[in-house]
Amino acid sequence: MVERDVLQYSTESRCWTYNLNAIRSEAVSKDVILLLRSKLRSLSKRIQRALMVSSTFGICMSKRIVERLSSTQKYADIEQELLEAVSSGYMESIDGSYRFTHDSVREASYSLINPDDREEYHFRVGMELLLVHSEDEDD
């Protein structure tokens with residue numbers, strides 16, 4: 001809290017001061033993520049996978065990334081899974097790209113990936129893209 005200037009020590013008054021509104025909004029923000037994560041866990045594994053993969057690209061996954069992932073064996077159904085996420089209200093489709101409806105949804109989706117496995121998860125998704133890219137260059 002000190003790093004975020006929510007809690008500060010005043011040398012003049014020799015006491016701690018705080019921004020109560022900032023503390024309240026921070027607590028609510030964490031509660032929203034926990035609630036969303038709980039809701040996401042009740043979705044099918046297919047939709048959860050699409051949301052987790054998408055979350056590794058940030059708030060939006062471009063049409064080109066979707067197309068490249070769709071051309072892999074591992075993620076051949078990603079576009080259908082993303083459409084299911086759209087139907088569920090967690091993402092929106094804009095000209096073939098997919099965007100989270102809110103950053104909290106992206107955060108909750110990313111939190112579905114075990115923190116100890118995130119680096120490897122990013123690596124595996126990246127390797128799939130790299131393999132597709134190198135196949136494209138061979139053609």
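**Group meeting: an exposed loop residue and a nonpolar surface patch**

Let me begin with aspartate 95, which is exposed, its relative accessible area being 70%, where the threshold for calling a residue exposed is over 50%. Before going further, I should say that what we are looking at is a predicted model. Aspartate 95 sits in the loop that connects β4, residues 91–94, with β5, residues 97–100, and, although aspartate 95 is not a glycine, its phi is positive, at about 50 degrees.

Let me now step back to the chain as a whole. Its secondary structure comes to 6 helices and 5 strands, and, if you follow the sequence, these elements appear in the pattern β-β-α-α-β-α-α-β-β-α-α. If we take the contacts in the chain with a separation of 6 or more, 60% of them are between residues 24 or more positions apart. As for burial, 33% of the 139 residues count as buried, while the chain exposes about 8900 Å², of which carbon and sulfur atoms supply 50%.

That brings me to the surface itself, and to one patch in particular. Phe123, Met127 and Leu130 form a nonpolar patch there, and together these residues have about 290 Å² of accessible area. Of the patch members, let me take leucine 130, which lies in helix α6, spanning residues 118–138. Is leucine 130 best described as buried, partly exposed or exposed? Its relative accessibility is 47%, so leucine 130 counts as partly exposed, given that the class runs between the buried limit of under 20% and the exposed limit of over 50%.

Note on methods. Residues numbered from 1 in each chain as written. Predicted model: local features only at pLDDT ≥ 70, side-chain atom pairs only at ≥ 80, totals over all residues. Heavy atoms only, no water. Patch = residues over 30% accessible without salt bridge, like charges linked within 9 Å, V, L, I, M, F, W, Y side chains within 5 Å. Areas by Shrake-Rupley, 256 points an atom, 1.4 Å probe, with all protein chains shown as cover. Salt bridge = Lys/Arg side-chain N within 4 Å of Asp/Glu carboxyl O. Helix = DSSP H or I, 4+ residues; strand = E, 2+ residues; numbered from the N terminus. Buried < 20%, exposed > 50% of the residue type's maximum accessible area, 1.4 Å probe, protein only. Contact = heavy atoms within 4.5 Å.
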